[in-house]
Amino acid sequence: MKIAFVGKGGSGKTTLSSLFIRHLATTGAPVIAVDADINQHLGAALGLDEDEAAALPAMGARLPLIKEYLRGSNPRIASAETMIKTTPPGAGSRLLRIREDNPVYENCARELELDGGTVRLMVTGPFTESDLGVACYHSKVGAVELCLNHLVDARDEFLVVDMTAGSDSFASGMFTRFDMTFLIAEPTRKGISVYRQYKEYARDFDVALKVVGNKVQGQDDIDFLREEVGDDLLVTVGHSDWVRAMEKGRPPRFELLEAPNRAALETMHTVADASYERRDWERYMRQMVHFHRKNAASWGNAKAGADLADQIDPGFVLDERALLADA
Ligand SMILES: Nc1ncnc2c1ncn2[C@@H]1O[C@H](COP(=O)(O)OP(=O)(O)OP(=O)(O)O)[C@@H](O)[C@H]1O
Ligand SMILES: [Mg+2]
């Protein structure tokens, strides 16, 4: 299951995605955690110290390797250089699975021991000021999008992405790549405005979106969120002393997380799991092709000097039978 955490800067995306990842790990589910946010803090939230976090291999710097691997022997993709972030898989492409070992994970992922289980962590790499709004920034997030578009995942395994609600994910189609998107919102007008923008983009693409209220202090906060987002409000989380202790570098055992916050994570897990019923690989493929055509026409063709619509394999659909083939 592909799960995204989005929201305004500082709303608690990293905190809640890290708690969700820890929760999933305790259930024994295989988990890949991905930090695709402008502010790269997921590693730290999962317990790495500064040096360990800084030493994580950046996906953005390994894009040529990722492209070369995913391209496989797909005859429609002439070279890794002509692959853009929206290039869809086709016959001959290599697909990714959550549980396998492959060169992408070998080069871009680190295993982390959490209470109760091991997860793989991948990071886009830090964004610098000069990245914002230019190709480099897109290519970093693009590495994640390429992986999502080549991933075949089953119901009992998870890829969790900590990302921004920024315009980049709307232009490329990244925001349509998830079974469930949790939008973290503080009970403020700014928190809500990010929700409105997301909802607007999501409307035409069947994006499953739920709001998780964070830093909620009382009934008035809950009422505010309920009024503004209605039934999209899934659950709320209050101030957590556990989180505060972790921020001080002294994470208590995960089982000591406050009961209401544990219950919130359970609810999120249940909703994420139930979103499987809405999964539709044909729609997934169709949207992938839609955004590829759009990106090819607006900048990709000019960059590659070729018509990148030719990369689309009309007969190809990702689906979970690829998992059976390996079993
Ligand atoms: N429920 C909570 N209880 C206590 N502290 C919290 C809670 N949620 C978030 N925080 C704190 O608020 C700050 C911002 O949270 P976090 O870094 O998770 O937000 P973010 O949305 O990932 O921000 P950014 O946009 O900078 O990546 C952190 O210091 C975090 O520890
Ligand atoms: Mg963050």
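Two strands count as a pair here if DSSP finds at least two bridges between them. Keep that in mind for the close-ups below, which come from a predicted model.

**View 1. Strand S2 alongside strand S7.** S2 (residues 31-36) lines up with S7 (residues 158-163) in the parallel sense, and six bridges link the two. Looking for a spot to get your bearings? Start at Asp 35 in S2, whose bridge partner in S7 is Asp 162.

**View 2. Strand S2 alongside strand S5.** S2 also runs parallel to S5 (residues 117-123), this time with four bridges. A handy landmark here is Val 34 of S2, which has Met 122 of S5 as its bridge partner.

**View 3. Both faces of strand S2.** S2 is mostly covered, with six of its six residues buried. On one side sit Val 31, Ala 33 and Asp 35, and on the other Ile 32, Val 34 and Ala 36; both faces are covered. So Asp 35, the bridge partner of Asp 162 in S7, is buried too, having 20 or more other C-beta atoms within 10 Å of its own.

**View 4. The shell around ligand 1.** Ligand 1 has 19 residues around it, and those that come nearest are Gly 9, Gly 12, Lys 13, Thr 14 and Thr 15. Helices H1 (13-26) and H10 (241-247) each chip in at least two residues of this shell. Sorted by class, the shell holds twelve polar, five charged and two nonpolar residues.

**View 5. Helix H4 and the glycine after it.** Buried residues in H4 (residues 63-71) are Leu 63, Ile 66, Lys 67, Tyr 69, Leu 70 and Arg 71. Next comes Gly 72, which follows H4 and has a positive phi, near 55°.

Notes: Residues numbered from 1 in each chain as written. Chains lettered and ligands numbered in written order. Predicted model: local features only at pLDDT ≥ 70, side-chain atom pairs only at ≥ 80, totals over all residues. Near = placed C-beta within 6 Å. Nonpolar A, V, L, I, M, F, W, Y, C, P; charged D, E, K, R; others polar. Buried ≥ 20, exposed ≤ 12 C-beta atoms within 10 Å, placed from the backbone.
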